Amino acid sequence: MDSPRFSRRLLSRPVTVLALAAAMAGLLGGAPASGADRAPAPAAAAAVTFSDTFDGPAGAAVDSGKWQIETGDNVNNHERQYYTAGNSNAALDGQGHLVITARRENPGNYQCWYGRCEYTSARLNTAGKFTTTYGHVEARMKVPRGQGMWPAFWMLGNDIGQVGWPASGEIDVMENVGFEPSTVHGTLHGPGYSGSGGIGAGYTLPGGQVFADAFHTFAVDWSPNEVTWSVDGTVYQRRTPADLGGRQWVFDKPFFLILNLAVGGYWPGDPDGSTVFPQQLVVDHVRVTTGDAPSAGGPITGIGGKCVDVAGANSADGTPVQLYDCNGTAAQRWTVGADGTIRALGKCLDVASGGTADGTVVQLWTCNGSAAQRWVANAARDIVNPQANKCLDATGNSSANGTRLQIWTCGGTANQKWTVTR
């Protein structure tokens with residue numbers, strides 16, 4: 001069921017002139033979880049574009065070259081905390097972790113929307129320091145516990161200062177509310193689907209396990225027209241423009257990262273007598289990798305030692321993909337991306353018309369992020385289209401030049417076995 005979530009708009013007291021993020025909007029959204037599967041591993045060409053493992057002496061502040069710290073309260077969600085500067089509520093522990101601590105205190109006589117603030121905590125972002133468009137975005141964290149706790153790892157469109165929220169877009173990688181100790185949520189927000197109308201789903205640990213008891217890795221795999229969420233490598237939802245009911249997809253541009261621990265608010269509710277303070281969000285690492293690292297690609301060989309080939313080396317949409325004698329040309333040089341695409345001549349390997357039936361041919365087509373262009377090359381040497389749950393197949397078990405490639409129910413036969421050079 002949808003959760004009653006509201007926008008995290010601007011903090012009332014921005015920290016710096018860079019605080020693009022102090023105009024930020026809100027986490028949130030929800031829908032029933034979809035079927036789980038395994039998250040695709042980043043391709044060999046993946047490059048780390050951002051990494052923080054929070055190494056440093058105990059008590060040190062976060063790296064100011066990577067993060068800025070926001071200050072202030074948040075009336076929009078009726079959160080109860082005041083976000084403080086420096087290392088008061090966000091500090092390294094000397095063991096390779098960032099610890100964001102929420103306390104029931106007010107040493108600075110901070111003023112909040114409801115009067116004298118009752119709690120302090122911290123919120124960090126990479127605005128003005130790091131942005132990414134697409135890639136694998138992950139954080140390994142141990143969340144706090146207790147009524148009223150609201151930790152989150154999320155992203156906002158870098159153009160928020162120009163277009164505002166929700167036109168900027170928001171990708172919530174993970175958020176948890178204390179009254180759901182076994183569940184986290186991932187959500188998209190954009191124009192016409194923000195706040196409680198966000199598009200998302202929840203993931204619940206099996207067997208009554210609780211997220212606060214151990215570290216878990218929360219991630220999204222983000223590519224053109226698709227965002228996929230996972231917990232500890234298990235995928236629990238994928239979202240594409242088709243999920244938006246004709247509303248605008250605003251996730252093909254740079255976004256920056258945010259980490260925070262809120263206390264109270266409309267969605268989690270306020271702390272009560274059962275809530276123990278202090279509470280901590282412990283972050284082991286934050287990492288962004290991308291499949292955009294330079295790669296010359298290589299051949300994909302199949303039955304008879306023949307190569308997967310773009311007919312006539314033609315890059316036009318709809319060009320057949322076939323078997324042919326290996327010749328080292330660009331028409332036979334394929335790259336496997338972190339987004340699940342297989343590419344040659346600047347276009348993607350594509351199942352014609354998004355078909356799922358046996359015998360549907362494959363072709364070259366402009367990359368569009370659709371499920372027809374997602375492939376998994378596994379250790380058994382199958383190349384599988386997950387949407388169809390079918391294998392790349394050489395028609396008629398033939399190795400003749402010009403044999404058209406298609407998808408077919410996986411049977412383990414020689415005409416479905418491929419060697420991918422990465």
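Helices (H or I, at least four residues) and strands (E, at least two) are DSSP runs, numbered from the N terminus, and in that scheme Pro166 is found in the loop between helix H1 (160-163) and E13. The model described here is predicted. It holds 4 disulfides, an open sheet of 7 strands, and a largest nonpolar core of 54 residues beside which a second, separate core of 23 residues is found. The points below are grouped by topic.

**Disulfides**

- Numbered in sequence order, the bonded cysteines of the protein pair as 1-2, 3-4, 5-6 and 7-8.
- Cys112 and Cys117 are joined by a disulfide whose sulfur atoms are 1.9 Å apart, and the link is right-handed, with 110° about the S-S bond.
- Because buried means under 20% relative accessible area, Cys112 counts as buried at 8%, and Cys117 counts as buried at 3%.
- Cys307 and Cys326 form a disulfide with an S to S distance of 2.0 Å, right-handed with 100° about the S-S bond; the pair links distant parts of the chain, with Cys307 in strand E22 (residues 307-310) and Cys326, 19 residues apart from it, in the loop between strand E23 (321-324) and strand E24 (335-336).
- Within that pair, Cys307 counts as buried at 1% relative accessibility, whereas Cys326 is partly exposed, with a relative accessible area of 40%.
- The disulfide of Cys391 and Cys410 has its sulfur atoms 2.1 Å apart and is right-handed, with 100° about the S-S bond; this pair links distant parts of the chain, as Cys391 lies in strand E30 (residues 390-394) and Cys410 in the loop between strand E31 (405-408) and strand E32 (419-420), 19 residues apart.
- Cys391 counts as buried at 0% relative accessibility, while Cys410, with a relative accessible area of 37%, is partly exposed.

**The open sheet**

- The 7 strands of the open sheet run in the order E3-E10-E19-E12-E13-E14-E15, and their pairing is antiparallel.
- Strand E3 (68-70) and strand E15 (199-204) stand at the edges with a single partner strand each, so one side of each is left without a neighbour in the sheet.
- Direction ignored, neighbouring strands of this sheet are turned by 15° against each other on average.
- Strand E12 (residues 149-157) and strand E13 (residues 170-175) pair in the antiparallel sense over 5 bridges, and Met155 stands opposite Ile171 in E13.

**Nonpolar cores**

- In the largest nonpolar core, which has 54 residues, Ile171 and Val286 are those with the most contacts inside it.
- Strand E19 (residues 255-263) gives the most to this core, with 5 residues.
- Leaving aside its neighbours within four places in sequence, Val286 is in contact with residues including Phe50, Phe54, Trp67, Phe153, Leu257 and Leu259, and also with Ser51, Asp52 and Glu138.
- The second, separate core of 23 residues includes Val362, Ala388, Ala394 and Ile407.

**Aromatic pairs**

- The count of aromatic pairs comes to 14, and one of them is the stacked pair of Phe54 and Trp67, with 6.4 Å centre to centre and 25° between the planes.
- Phe54 lies in the loop between strand E2 (47-52) and E3, and Trp67 lies in the loop between E2 and E3, 13 residues apart; both Phe54 and Trp67 are buried, and both are among the contacts of Val286.
- One aromatic cluster is formed by Tyr134, Tyr193, Trp222, Trp249, Phe251 and Phe255.

**Backbone features**

- The peptide bond from Trp165 to Pro166 is cis, with omega near 15°, and Pro166 sits in the loop between helix H1 (160-163) and E13.
- A cis peptide bond also runs from Phe277 to Pro278, with omega near 0°, and Pro278 has its place in the loop between E19 and strand E20 (279-290).
- Asn109, a residue other than glycine, has a positive phi near 55°; Asn109 belongs to the loop between strand E6 (98-104) and strand E7 (111-112) and is partly exposed, with a relative accessible area of 45%.
- Arg381 likewise has a positive phi, near 70°, in the loop between strand E28 (376-377) and strand E29 (383-385), and counts as partly exposed at 41% relative accessibility.

Technical notes:
Residues are numbered from 1 along each chain as its sequence is written. This is a predicted model: local features need pLDDT of at least 70, side-chain atom pairs count only at pLDDT 80 or more; totals for chains, interfaces and linings use all residues. Side-chain values use heavy atoms; hydrogens and water are left out. A disulfide is a pair of cysteine sulfur atoms within 2.5 Å. Buried means under 20% relative accessible area, exposed over 50%, partly exposed in between (1.4 Å probe, protein chains only). Two strands pair if DSSP finds at least two bridges between them. Axes are lines fitted to C-alpha atoms, for helices over the stretch in contact, and angles run from 0 to 180 degrees between N-to-C directions. A nonpolar core is a set of buried Ala, Val, Leu, Ile, Met, Phe, Trp, Tyr and Cys residues joined through side-chain atoms within 4.5 Å. Contact means heavy atoms within 4.5 Å. Rings of Phe, Tyr and Trp (its six-membered ring) pair if their centres lie within 6.5 Å; planes under 30 degrees apart count as stacked, over 60 as edge-to-face and the rest as tilted.
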